[in-house]
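Subject: The structure I promised you

Hi,

Here is the structure we talked about, ready for you to open in your viewer. Have a look around first, then read my notes below.

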Amino acid sequence: MNIRNLFFGAVAALAAFASCQEAEVNLGMPDISISTGEMSFEVAGGEQELTLNATRDWKVETDADWVVVSPESGEASAEDQKITVTALENAGMDRVADLKFTIGMKSRYLTVSQAGPGGSAEALIVYYNDYDKVEATKTYGSTGGSWPYLDQFDGWMNQTGTGAADVEYAYSGMSARANSTSDSDYSDYEGSGKNNMFFGKSAYLATKNIALGGATGFTLTFGTEKYSQDNGSVFTKSEYHIYVSNDAARWVEITDYSFAGDGTEGRWNLAAADFSVPAGTEHLSICIKVDVASSYRMDDFKLVISEGGAEVDFSKGVEMDFTAGGSTGGGATVPESKGRKSVAEFIEAADASNYYELTGTVSGFNPTYCSFDLTDETGKIYVYSVLDASKSEWAGKISNGGTVTIYGKYLYYEQKSQHEVVDAYIVSFTGDGSGSQESGKPESLVKATVAEFLAAAEDDTWYELTGEIVSIAKEDYGNFTIKDATGEIYIYGMTNGWVGYNDKSFSQIGLKVGDTVTLGTRRGSYNGQPQGGGNPVPAYYISHIQGEGGETVTPPVGEAGEYEPQGVTWTLGEKAYDNTSGSNAQTGTVNGVSVANMLKLGTGSLTGDAVLHVAEGTAKLGFYCVAWKNKTASVRFSVDGTEITTITPAANVGAAGNPPYASITVTESDYFEVVLPAGAADIKVETLDPANGRVIFIGLKAIAE
């Protein structure tokens, strides 16, 4: 090859290279759009088309095996691309699938729905109650500090379903409670949260007169949890009874049912029973009854049409008195006493089956539980569990120094190595009320080291301890270990006082490992017993907190403030929360970074909304958004009533329980940008589905470009 040919060859190569370069057109910012967000198909299935425009290479993601997308991926293009969506024939129930068209950092969703010959799943629900019509509050009883019994509060009556129109209820010893919820970190199923049913003494809840509409096969499911210090926390089927009846008078027990959490301690899970009824059965009544007091809860009670199971023989029903309206639990009949005993005689008899009468002086009274030490001339014993029926009547009248008479059973609690009175009823109390109820700071405290405290006598002396928090066992209960120069001690929980574990968790009051605390406590009947490698004591008061303590995570270089709001403020609407929301303050850790302010919308059964405020000239909103654990959500953005867009954030395992959220992880797929119309300053954002209404916004930013 001569020089001339070499020159022209090089020129040709450069030209070819240049032409290749010219083919890589700059398509602008990363973006993807689709021509529709919804498609619906008939039972037979079929094909439909949409157009897609993407400035980056794209792909489609879905878990639905009945939807086929062609093509499933493509390259960036300035031209619209045609996509064919095919739904296969449906031989079952109505169904819905979400298809995610994504370029990685941005996504658009297509919701595909298809009718089925079986109809909608909702049509199969005969009865459902999440008990969440109105959230219960701990403001009932004579002292205004108790959860409501079912006849005091109708916010638990939230029944729906094809057969729920004429239901009636019977109950005894049942209260509605909004703590220890079925959607908490202690739940292994998707609970509804908010209220749940708590079984007290001799408790039952009967749901009567459910209309069956000709169906004969059913599946009954409900969430349940057992947690008890006295009776163990493992769900036990022999203690938990399911009765059914076709006339609400004679009842048949269903013993063939399952509990998904079999063997686990103190966790919510689903129980399920499949059964059938004889043809022609018009109505069904169902009663849940438990044998142990103050141990079980129930939520999300649902009866659906199914293939069913073994047929119930109602002719073998037994008459049981589940009277309509039932007993509230207040004013229950005091059990028969087997005789009067001194404390020493009561301990010596060690009779766990019968009630005995005890009389003595009250000390160490805890008004929250109506528990106390009872002392007579022969000794002292701890009265652990005054039953709700008795508590509601006497909790506001008992005070230290007075004389009380009770009926109770005996228990030796091995974990605490102590004798206790359990299942107690208060019969009478005399006293002038001048004694402290231990709901405030003691009059005086004796300063002591940890070593001095452990060596002290078990009496009514209050001690002041100061030490560094070296570990936290249970945030929600206020269990932690402190140490000073003389040793360390395990604090077995904060009770009524300046900080109460019934009202606040560790995180809510700012306690962290490394903090120095000063607390007031005293030697009790279960001090000094090993638990978790330490010595438990009840910490009734925390007087002050010194030091910030704990480990503060600093955002990586270049990401400072990435997860905090920038240029965006907001006005909270219905069911909306941020870091000003008291005990629900929305803070946490995102990708290992401490975040002081997030915006949460919605609850377990209600939608939420807020109005975002940005400066004039803001072109876009940028943010991370995640839905609640195991949930989906749709979030709409609008200005002056006109919709801008709707996004569908993905479920996030870290978005669960109560704030602060300890482990939220976000990726590019959780990042969204919403283009605003010119001049927009106030943008309404709202969740759309009450059952999937919870989302968390992280790092809301105003983008001016």
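**Starting at Lys-106**

Leaving aside its neighbours within four places in sequence, Lys-106 is in contact with Pro-30, Asp-31, Ile-32, Phe-101 and Glu-673. Keep in mind as you click through that this is a predicted model. You'll find Lys-106 in the loop between strand E8 (95-102) and strand E9 (107-114). Is Lys-106 buried or exposed? With a relative accessible area of 11%, Lys-106 is buried, because the cut-off for that word is under 20%. If you want another landmark, try Trp-58: it is 48 residues away from Lys-106 along the chain, and the C-alpha atoms of the two are separated by 9.8 Å.

**The whole chain**

Now zoom out. The protein chain has five helices and 44 strands, so expect to spend your time on strands when you follow my notes. Of its 705 residues, 47% count as buried. Among the contacts with a separation of 6 or more, 73% are between residues 24 or more positions apart.

**Some strand pairs to trace**

Since strands will keep coming up, here is some background: strands of a sheet pair through backbone hydrogen bonds, and they can do this in a parallel or an antiparallel way.

Try the early part of the chain. Strand E1 (residues 32-34) runs antiparallel to strand E3 (residues 46-54), and three bridges join them. Here Ser-33 stands opposite Asn-53 in E3. E3 also pairs with strand E7 (residues 81-87), again in the antiparallel sense, over seven bridges. On that side, look for Leu-52 opposite Gln-81 in E7.

Further along, E13 and strand E17 (residues 269-276) run antiparallel and are joined by eight bridges. Phe-222 has Ala-271 in E17 as its bridge partner. Strand E16 (residues 258-259) pairs with E17 too, antiparallel and over two bridges, and there Ser-258 stands opposite Ala-272 in E17.

**A barrel and an open sheet**

Which strands close into a barrel? There are five of them, in the order E21-E22-E23-E25-E24, and their pairing is mixed. On average, neighbouring strands of this sheet are turned by 55° against each other, direction ignored. Within the barrel, strand E21 (residues 356-366) and strand E22 (residues 371-376) run antiparallel with four bridges between them. Ser-363 stands opposite Asp-373 in E22.

There's also an open sheet of five strands, with the order E32-E37-E43-E39-E40 and antiparallel pairing. Strand E32 (569-572) and strand E40 (642-647) are at its edges; each has a single partner strand, so one side of each is left without a neighbour in the sheet. The average turn between neighbouring strands of this sheet is 25°, direction ignored. Inside it, four bridges join strand E39 (residues 635-639) to strand E43 (residues 682-687), which run antiparallel, and Arg-636 stands opposite Glu-686 in E43.

**Aromatic rings**

How many aromatic pairs does the structure hold? The count is 28. My pick is Phe-222 with Tyr-240: their ring centres are 5.8 Å apart and their planes are at 10°, so the pair is stacked. Phe-222 lies in strand E13 (residues 217-226) and Tyr-240 in strand E14 (residues 240-245), so the pair ties together parts that are 18 residues apart in sequence. Both Phe-222 and Tyr-240 are buried. They also belong to one aromatic cluster with Tyr-127, Phe-199, Phe-235, Phe-259, Tyr-296 and Phe-301.

Two lysines are worth a click here as well. The charged end of Lys-237 sits over the ring of Tyr-257, 4.6 Å from its centre, and the charged end of Lys-302 sits over the ring of Tyr-128, 5.0 Å from its centre.

**The nonpolar cores**

In soluble globular proteins, nonpolar side chains tend to be buried together. The largest nonpolar core in this model has 47 residues, and those touching the most other members are Trp-156, Leu-205, Tyr-240, Met-298 and Leu-303. Strand E12 (residues 196-211) supplies the largest share of this core, five residues. A second, separate core of 26 residues includes Trp-570, Leu-599, Leu-621 and Phe-623.

You'll have noticed Tyr-240 turning up again. Apart from neighbours within four places in sequence, Tyr-240 has contacts that include Phe-199, Phe-222, Tyr-257, Tyr-296 and Met-298.

Have fun with it!

Note on methods: Residues numbered from 1 in each chain as written. Predicted model: local features only at pLDDT ≥ 70, side-chain atom pairs only at ≥ 80, totals over all residues. Heavy atoms only, no water. Phe/Tyr/Trp six-rings, centres within 6.5 Å; stacked < 30°, edge-to-face > 60°. Buried < 20%, exposed > 50% of the residue type's maximum accessible area, 1.4 Å probe, protein only. Lys NZ or Arg CZ within 6 Å of the ring centre and 35° of its normal. Pairing = 2+ DSSP bridges. Core = buried A, V, L, I, M, F, W, Y, C linked by side-chain atoms within 4.5 Å. Contact = heavy atoms within 4.5 Å. Axes fitted to C-alpha atoms, helices over the stretch in contact; angles between N-to-C directions.
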